[in-house]
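Dear colleague,

I am handing over the structure below, together with an account of what was found in it. Please look through the sequence and the model before reading on.

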Amino acid sequence: MVREMSPEDVLQVSHIERACFSDPWSLESIREGLETPFDTWLVLEDNEMVKGYCVFRMIAGEGELFRIALLPEYRGRGLAKKLMERLAECSKEKAVTSIFLEVRESNKIARNLYRSYGFKEECIRKNYYQNPSDNAVIMRNQLI
Ligand SMILES: CC(C)(COP(=O)(O)OP(=O)(O)OC[C@H]1O[C@@H](n2cnc3c(N)ncnc32)[C@H](O)[C@@H]1OP(=O)(O)O)[C@@H](O)C(=O)NCCC(=O)NCCS
């Protein structure tokens with residue numbers, strides 16, 4: 001089940017961050033982010049356990065996907081698609097005309113996921129990421 005994240009989920013989301021990213025967000029920044037009015041935090045819960053989450057922002061007709069992540073042991077089962085489908089629904093509800101994101105060039109799996117939802121590669125930011133160093137690919141889904 002995909003549902004809105006609540007403050008009680010912060011610990012589990014922080015655990016997912018640490019399991020998935022070399023630059024995980026701190027517990028405090030997740031807690032503060034949850035209070036940002038323009039951001040939507042969604043969790044994917046199964047058997048009372050949070051297995052994945054995503055966070056995106058929608059303002060004035062434009063969206064940005066910041067993070068989407070699944071615990072490693074639950075990947076490859078179509079769970080990220082459930083979160084992406086909710087992102088698509090929210091875009092329609094809020095009449096968003098384009099969504100963009102940044103992704104590591106080396107992250108072929110995420111780039112595949114985004115392509116399958118209509119995102120196209122727009123440009124590259126050289127050496128944008130550290131730890132480890134990587135280029136960023138900017139992808140956009142032009143909905144209209
Ligand atoms: C990217 C990520 C969220 C995908 O989650 P997932 O639940 O395994 O994805 P799904 O099973 O729903 O698969 C969705 C699509 O992703 C792509 N994909 C998933 N696993 C893949 C693999 N091993 N190889 C290539 N493409 C893959 C495919 O396009 C797939 O669609 P398909 O099954 O129709 O081919 C997950 O790998 C993850 O958490 N990675 C670490 C965090 C991260 O890098 N997030 C993105 C940047 S914020």
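A molecule is said to sit in a pocket if more than half of its atoms lie within 2 Å of the grid points of that pocket. By that criterion, the ligand in this model, which is a predicted one, sits in the largest pocket. The elements that contribute two or more residues to the shell around the ligand are strand E4 (62-70), helix H3 (79-93) and helix H4 (108-116), and among these H4 gives the most, with five residues.

The surroundings of the ligand can be described a little further. In total, 18 residues surround the ligand, and the closest are Ile 68, Gly 76, Gly 78, Lys 81 and Asn 107. Sorted by class, the residues of this shell comprise 10 nonpolar, four polar and four charged. Oxygen atoms of the ligand are approached by the protein backbone at several places: a backbone N or O atom of Gly 76 lies 2.7 Å from one ligand oxygen atom, a backbone N or O atom of Gly 78 lies 2.8 Å from a ligand oxygen atom, and for Leu 79 the corresponding distance from a backbone N or O atom to an oxygen atom of the ligand is 3.4 Å. On its own the ligand has 930 Å² of accessible area, and the protein covers 72% of it.

Turning to the pockets themselves, the largest pocket holds about 990 Å³ of space. It is lined by 31 residues, of which Phe 21, Ile 68, Asn 107, Ala 110 and Tyr 114 are the closest to its centre. At least two residues of this lining come from each of E4, H3, strand E5 (98-104), H4 and strand E6 (120-129), and the largest share, seven residues, is that of E4. The lining of the largest pocket divides into 18 nonpolar, five polar and eight charged residues.

The second largest pocket contains about 160 Å³ of space. Its lining consists of Glu 4, Met 5, Leu 34, Asp 39, Thr 40, Trp 41, Leu 42, Arg 86, Cys 90, Glu 93 and Lys 94. Strand E2 (39-46) and H3 each supply at least two of these lining residues, with E2 giving the most, namely four residues. In terms of class, five residues of the lining of the second largest pocket are nonpolar, one is polar and five are charged.

Finally, two places in the backbone deserve a separate mention. Most residues other than glycine have a negative phi, and most peptide bonds are trans. Glu 48, which is not a glycine, nevertheless has a positive phi of about 60°, and this residue lies in the loop between E2 and strand E3 (49-59). The peptide bond that joins Asn 131 and Pro 132 is cis, with an omega of about -5°, and Pro 132 is found in the loop between E6 and strand E7 (134-142).

With kind regards

Notes: Residues are numbered from 1 along each chain as its sequence is written. This is a predicted model: local features need pLDDT of at least 70, side-chain atom pairs count only at pLDDT 80 or more; totals for chains, interfaces and linings use all residues. Side-chain values use heavy atoms; hydrogens and water are left out. A residue is near a molecule or strand if one of its heavy atoms lies within 4 Å of it. A polar contact is a pair of N or O atoms within 3.5 Å; within protein, one must be able to donate a hydrogen and the other to accept it, and residues adjacent in sequence count only if both atoms are side-chain atoms. Accessible areas come from the Shrake-Rupley method with a 1.4 Å probe; for residues, only the protein chains shown count as cover. On a 1 Å grid over the protein atoms alone, a cavity is a set of points where a 1.4 Å probe fits but cannot get out, and a pocket is an open set with protein on both sides within 12 Å along at least five of seven lines; lining residues have an atom within 4 Å of a point. Ala, Val, Leu, Ile, Met, Phe, Trp, Tyr, Cys and Pro count as nonpolar, Asp, Glu, Lys and Arg as charged, and the others, Gly among them, as polar. Grid points are joined across faces, edges and corners, and a volume is the space filled by probe spheres set on the points.
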